[in-house]
Amino acid sequence: MAKITVRNLTKRYGSATALNNVSLEIESGEFLVLLGPSGCGKTTLLRCLAGLETPDEGEIIIGDHVVFSSKNNTMVPPGKRNLGMVFQSYALWPHMSVRDNVKFGLDVLKTPKGVADERLDQVLDDVGLAHLDGRYPSELSGGQQQRVALARLLATQPPVFLMDEPLSNLDARLRMDMRVELKRFQSDTGATTVYVTHDQTEAMTMSTRVVVMKDGEIQQISPPDQLYRQPENTFVADFIGMPRINLVELDTVDGRGTCFSNGDIQIETGWAPGVQKVIIGARPEDITLSADLNTPGEDYQISAVLPNGPETIIQLMRGQTVMIVRVGHDTEFATNQTVKLSFKRQSLNIYDAQTGVLVT
Ligand code: ATP
């Protein structure tokens, strides 16, 4: 199995910096997801690992091999990096059947025929294409072609999987099934996996750790639960979670030893001396609503009630402030109702409003 180390990697396209001094250690057998908004550098990082892009500076080590180093002018070509890749474009051979496309990778590796046939049957079955194995790529839908590309990768069992949005062309149900299959495959083979997606659910459900990127830089690397519960800055807090986190700016009232308050949220000071303004991050499920108007705090008005299967999303307004709260499916709250809010203090994150960095 293979550990991957990335050190101080920078990649520029003309005057644009796609990756800015990125460093990262990927443990052997890990399922690491690269997540972030469009243009943040996810694909560029994956292509640098694959050897499809030449970085400007830095170093990449896969297993025991330095595959790229700007200092020593080392650039190992993709075919010699011992990786399996699935990218958004499937690169299938048009003149070969589904079975032959998948078999191709095994032939290149000179896999003995008996082993190859057994593995072929297994992966074609796993990706749900056994019944189409004689068809040609032009006779398949986009989603089916994507599954052929996946099967080709899975059949060769490389120690490192690199995947760029491999499920993007599948419909919602098939995508869910394939997530389960991919995760199972990955844990069965123990392959170190680097997976690019902009789908949060995919990132949160499949990964051992998520790397959140923005403008070519890493914002946070954490297991999914920690990423959700303790985002390290307001960008990550805002990016992760649907519906979005509530970010509320507050002033200090009397400085040291007293409290931050907007009338509803009382936060003790002493944890961040000198911070004048903070941003409170409250997930929609960490806010409780009360119809009892004797509860302390300001009045909020319910501006929308949106049932969503097992939960209900409620939007509240007070002046310019909008809050989103998640409650159960059987809520009795209604539009235009006046309510009070309370917060679960231990689940709130507090950020320095100036830097956006988590203080507690
Ligand atoms: P997406 O989710 O939209 O695929 P991404 O996070 O994968 O985005 P990249 O494709 O890595 O982002 O692009 C990072 C930045 O580098 C972007 O600003 C992009 O425009 C730029 N870029 C990527 N490839 C090239 C290229 N071949 N030539 C010039 N600029 C490029």
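## From the C-terminal tail to the core

Let's start near the end of the chain: valine 357 sits in the segment after β21 (349-352). This is a predicted model, so everything here is read from predicted coordinates. Is valine 357 buried or exposed? With 10 other C-beta atoms within 10 Å, valine 357 counts as exposed, because the cut-off for that label is 12 or fewer. Valine 357 still has some company: leaving out residues up to four places away in sequence, it touches Asn233, Tyr351 and Asp352. As for isoleucine 26, which is 331 residues away along the chain, its C-alpha atom lies 25 Å from that of valine 357.

Now step back to the whole chain. There are 360 residues, and 34% of them are buried. The secondary structure comes to eight helices and 21 strands, and the C-alpha trace spans about 75 × 50 × 35 Å along its principal axes. Take the contacts with a separation of 6 or more: 63% of them link residues 24 or more positions apart.

The domain assignment splits the chain into domain 1 (4-234) and domain 2 (243-352). Their centres, taken over C-alpha atoms, are 40 Å apart. Where they meet, domain 1 puts four residues into the contact and domain 2 puts in five residues.

What about the inside? The largest nonpolar core has 79 residues, and the members touching the most others are Val33, Leu34, Ala151, Leu162 and Val211. Helix α4 (residues 142-156) is the top contributor to this core, with seven residues. Both domain 1 (4-234) and domain 2 (243-352) supply residues to the core, so it lies between them. Valine 33 makes a good example of the wiring: setting aside neighbours within four places in sequence, its contacts are Tyr195, Thr197, Ala203, Met206, Ser207, Val210 and Val211.

Leu162, another of those well-connected core members, takes us to strand β8 (residues 160-164). How many of the five residues in β8 are buried? Five of five, so to speak a strand that is mostly covered, because each has 20 or more other C-beta atoms within 10 Å. The cover is on both faces: Val160, Leu162 and Asp164 are buried on one side, and Phe161 and Met163 on the other.

Strand β8 also pairs with two partners, β7 and β9. Here is how the pairings look:

| Pairing | Bridges | Direction |
|---|---|---|
| β7 (residues 84-86) with β8 | three bridges | parallel |
| β8 with β9 (residues 192-197) | five bridges | parallel |

In terms of individual residues, valine 86 stands opposite methionine 163 of β8, while leucine 162 has valine 194 in β9 as its bridge partner. To get from β8 to β9, the chain runs through helix α5 (residues 172-189), and this β-α-β crossover is right-handed.

Finally, the ligand. Which residues are around it? The shell is made up of Tyr13, Ala16, Ala18, Gly36, Ser38, Gly39, Cys40, Gly41, Lys42, Thr43, Thr44 and His198. Two elements, β2 (16-26) and α1 (42-50), give two or more residues each to that shell. Helix α1 gives the most, with three residues.

Definitions and conventions:
Residues are numbered from 1 along each chain as its sequence is written. This is a predicted model: local features need pLDDT of at least 70, side-chain atom pairs count only at pLDDT 80 or more; totals for chains, interfaces and linings use all residues. Helices (H or I, at least four residues) and strands (E, at least two) are DSSP runs, numbered from the N terminus. Two strands pair if DSSP finds at least two bridges between them. A crossover is right-handed if, with the strands pointing away from the viewer, the path from the first strand over the helix to the second runs clockwise. A nonpolar core is a set of buried Ala, Val, Leu, Ile, Met, Phe, Trp, Tyr and Cys residues joined through C-beta atoms within 7 Å. Domain bounds come from an automatic or database domain assignment. Two residues are in contact if their C-beta atoms, placed from the backbone, lie within 7 Å. A residue is near a molecule or strand if its C-beta atom, placed from the backbone, lies within 6 Å of it.
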